[in-house]
Amino acid sequence: MVTTDTEKQNAARTSLAYIKEGMVVGLGSGSTSEHMVNFLGERVQQGLRISGVPSSEKIASLAHSLGIPLTTLEKVQELDIYIDGADEVDEGRNMIKGGGGALLREKILAYNAKKKIIIVDSSKQVKKLGGFKLPIEVIPFAHKVVMAQLHQMNLNPVLREKENSPYTTDEGNHIIDVDIMAFENYSDLNELLLSIPGVVETGLFLGYVDLLIVGIKNETKIYGNHTKMG
Ligand code: 5RP
């Protein structure tokens, strides 16, 4: 039987073909990205020279343990390629990300990358976004008032917790997960959420996919702009 994890591994392995010598590579977060970083580590150990910009402390420490040279957005302002997973992807390649809580750094890296590749298992492909709750990153000072505002918008907000305390991101913020199933216009919704003072970023990634690589059973399917990949 082909497991979800095998699909993730297959998608991750396929993405490595787009990483070339000398590239600055943005490293996403989550289990699919961890597979990608493990495969990339093997290539680096075989002599591939690249540098990585990690989207979370967790992926930084994995990459470091594998001998992948790391750099920062202070040293390089543009990434050649960014590779990451997703929680949901719809047919228009709109995504929900942030299940792992790294959405802010992930969006910053993706925005500043020339090419963006998303790697997912087949369960992530959906007709309509919203089965997965949308993560919203908020500054701790404002989290109560933002919660109240999101309640008023009928978004059923839930403050994410870890060990009975509010979950804290690598940037020291909190995450509120909301239900967006009733919404169709994601761009308007995103703008509305970002207009609330205290909201730092949302996990709605609109227009952030050049290539989508999906592990489906023992195969991988690749959708998107192949020519942009060079
Ligand atoms: C982390 C993310 C991940 O890409 C997303 O949660 C998918 O995770 P996984 O690859 O473990 O299914 O957005 O913030």
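## Thr71 and its surroundings

Leaving aside neighbours within four places in sequence, Thr71 is in contact with Val24, Ser51, Gly52, Val53, Pro54 and Val76. Thr71 itself belongs to the loop between α3 (57-65) and β3. This is a predicted model, and in it Thr71 has a relative accessibility of 14%. Is that buried or exposed? Thr71 counts as buried, because residues under 20% relative accessible area are classed that way.

Two of the strands described below turn up among these contacts. Val24 is one of the residues of strand β1 (residues 24-27), and Pro54 is one of those in β2 (51-54).

## The six-stranded sheet

Let's turn to the sheet that holds those two strands. Its six strands form an open sheet with mixed pairing, in the order β2-β1-β3-β6-β14-β15. Which strands stand at the edges? They are β2 (51-54) and β15 (219-224); each has a single partner strand, so one side of each is left without a neighbour in the sheet. On average, neighbouring strands here are turned by 20 degrees against each other, direction ignored.

Strand β1 has partners on record in both β2 and β3. With β2, β1 pairs in the parallel sense over four bridges, and the bridge partner of Leu27 in β2 is Pro54. With β3 (residues 79-84), β1 again pairs in the parallel sense, over three bridges; here Gly26 has Tyr82 in β3 as its bridge partner.

## Two covered faces of β1

In a regular strand, side chains alternate between the two faces of the sheet. How are the residues of β1 divided between its faces? Val24 and Gly26 lie on one side, with Val25 and Leu27 on the other. Residues on both sides are buried, so both faces of β1 are covered.

## Helix α1 and Gln9

Helix α1 (residues 4-15) lies across four strands of the six-stranded sheet: β3, β6 (113-121), β14 (211-216) and β15. The helix runs at about 155 degrees to β6.

Gln9 is a handy residue to look at in α1. With a relative accessible area of 26%, Gln9 is partly exposed. Not counting residues up to four places away in sequence, Gln9 touches His35 and Phe39. As for a longer span, the C-alpha atoms of Gln9 and Leu194 are separated by 34 Å, the two residues being 185 residues apart along the chain.

## The three-stranded sheet

There is also an open sheet of three strands, in the order β4-β5-β13, with antiparallel pairing. Its edges are β4 (88-89) and β13 (204-205), each with a single partner strand, so one side of each has no neighbour in the sheet.

Two bridges join β4 to strand β5 (residues 95-96) in the antiparallel sense. If you would like a residue pair to select in your viewer, Glu88 has Ile96 in β5 as its bridge partner.

## The ligand site

How many residues surround the ligand? There are 17, and the closest are Ser31, Thr32, Asp87, Gly98 and Lys124.

Three of these side chains are worth a look for their polar atoms. An N or O atom in the side chain of Ser31 is 2.5 Å from an oxygen atom of the ligand. For Thr32, a polar side-chain atom lies 2.6 Å from a ligand oxygen atom. In the side chain of Lys124, an N or O atom is 2.5 Å from an oxygen atom of the ligand. Taken alone, the ligand exposes 380 Å², and the protein buries 91% of that.

Terms used
Residues are numbered from 1 along each chain as its sequence is written. This is a predicted model: local features need pLDDT of at least 70, side-chain atom pairs count only at pLDDT 80 or more; totals for chains, interfaces and linings use all residues. Side-chain values use heavy atoms; hydrogens and water are left out. Two strands pair if DSSP finds at least two bridges between them. Axes are lines fitted to C-alpha atoms, for helices over the stretch in contact, and angles run from 0 to 180 degrees between N-to-C directions. Contact means heavy atoms within 4.5 Å. A residue is near a molecule or strand if one of its heavy atoms lies within 4 Å of it. A polar contact is a pair of N or O atoms within 3.5 Å; within protein, one must be able to donate a hydrogen and the other to accept it, and residues adjacent in sequence count only if both atoms are side-chain atoms. Accessible areas come from the Shrake-Rupley method with a 1.4 Å probe; for residues, only the protein chains shown count as cover. Buried means under 20% relative accessible area, exposed over 50%, partly exposed in between (1.4 Å probe, protein chains only).
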